[in-house]
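Trainee: I would like to learn how to look closely at one part of a model. Could you walk me through it, starting with the whole chain?

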Amino acid sequence: GQRKRNLKRSTLKDYRQVLDTYLLPARSVDRPDTPYGRAPFATTPLREIKPAAVKAWYDKLPYGRTGEKLLMIVRAIFAHARSRGLIDADPTASVERQPVRYSGDYDFYSREEIDALVRAAPSEQDAAIYLTAAMTGLRRGELVALRWRDVDFPGQAIRVRANYSLGELVTPKSGKIRTVPMIPD
């Protein structure tokens with residue numbers, strides 16, 4: 001993924017965590033199981049994994065992003081194995097995704113709550129970060145990567161050019177620079 005698809009280190013770290021936690025055989029008894037356990041086929045050779053086993057596992061996963069991410073990763077593994085001739089058929093082909101629906105209802109902080117948070121900040125810098133986050137919707141890594149040159153006061157805009165992730169500056173999550181309008185505050 002890193003060489004062929006130019007995936008970011010944070011994405012690769014996330015995939016590795018999913019593999020270690022859910023999909024690969026347990027390496028240590030010290031590691032606690034997740035509430036959904038390890039995939040029951042974790043110790044089964046790829047050629048022997050049956051569609052029913054994958055479906056039964058997927059059906060027990062929580063509804064939402066976690067379940068869909070796990071299925072996406074498992075499908076990518078089987079697609080890779082099939083493209084390399086390691087398996088003849090993909091046992092995930094018959095597993096239907098459950099579309100994740102979001103209500104679109106967000107719980108925003110009120111202006112009073114934002115002001116209280118800013119007043120309680122341990123420093124002026126933290127207060128500025130809290131206020132900027134609340135008023136722009138920037139992600140934490142984007143806030144840390146923000147530089148004065150990114151703030152266009154005359155144009156009333158902030159250019160999100162970078163994201164600070166795993167100790168390095170990388171492109172924003174979308175991979176593209178974006179502009180966020182500044183409100184008068």
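Trainee: Of the 185 residues of the protein chain, what % count as buried? And for a close look at helix α2, which residues there are buried?

Mentor: Happy to help! This is a predicted model, in which local features need pLDDT of at least 70 and side-chain atom pairs count only at pLDDT 80 or more, while totals for chains, interfaces and linings use all residues. Residues are numbered from 1 along each chain as its sequence is written, and side-chain values use heavy atoms, with hydrogens and water left out.

Now to your first question: 28% of the 185 residues of the protein chain count as buried. Buried means under 20% relative accessible area, exposed means over 50%, and partly exposed lies in between (1.4 Å probe, protein chains only).

Let us set the scene for α2. The protein chain has six helices and five strands, and from the N terminus on they run α-α-α-α-α-α-β-β-β-β-β. The radius of gyration of the protein chain is 22 Å, well over the 16 Å that the globule rule gives for 185 residues, so the chain is more spread out than a compact globule. That radius is taken over C-alpha atoms, and the globule rule is 2.2 Å times the number of residues to the power 0.38. Helices (H or I, at least four residues) and strands (E, at least two) are DSSP runs, numbered from the N terminus. Along the principal axes, the C-alpha atoms of the protein chain fill a box of roughly 60 × 35 × 35 Å.

Here is the close look. Helix α2 covers residues 51–60, and its buried residues include Val54, Trp57 and Tyr58. They cover an arc of only 95 degrees around the axis, which puts them on the same side of α2. The arc is that of the directions from the helix axis to the C-beta atoms. Turn to the other side of α2 and you will find Ala52 and Lys60, which are exposed. What covers the buried residues of α2 includes α1 (9–23) and α3 (65–83).

You can compare this with another helix, α5 (residues 124–136), where Met135 lies. Leaving out residues up to four places away in sequence, Met135 touches Arg111, Ile114, Ile183 and Asp185; contact means heavy atoms within 4.5 Å. Met135 and Leu24 are 111 residues apart in sequence, and their C-alpha atoms are 42 Å apart in space. Ala134 is also found in α5, and Ala134 is partly exposed, with a relative accessible area of 38%.

The strands are worth a visit too. Arg159 lies in strand β2 and is partly exposed at 26% relative accessible area. Apart from its neighbours within four places in sequence, Arg159 is in contact with Leu146, Asp150, Asp152, Arg178 and Thr179. Thr179 is 20 residues away from Arg159 in sequence, yet the C-alpha atoms of the two are 4.5 Å apart.

Finally, have a look at two loops. Most residues other than glycine have a negative phi. Gln156 is not a glycine, but has a positive phi of about 50 degrees; Gln156 is found in the loop between β1 (151–152) and β2 (157–160). Leu166, in the loop between β3 (163–165) and β4 (168–170), has a positive phi of about 50 degrees as well.
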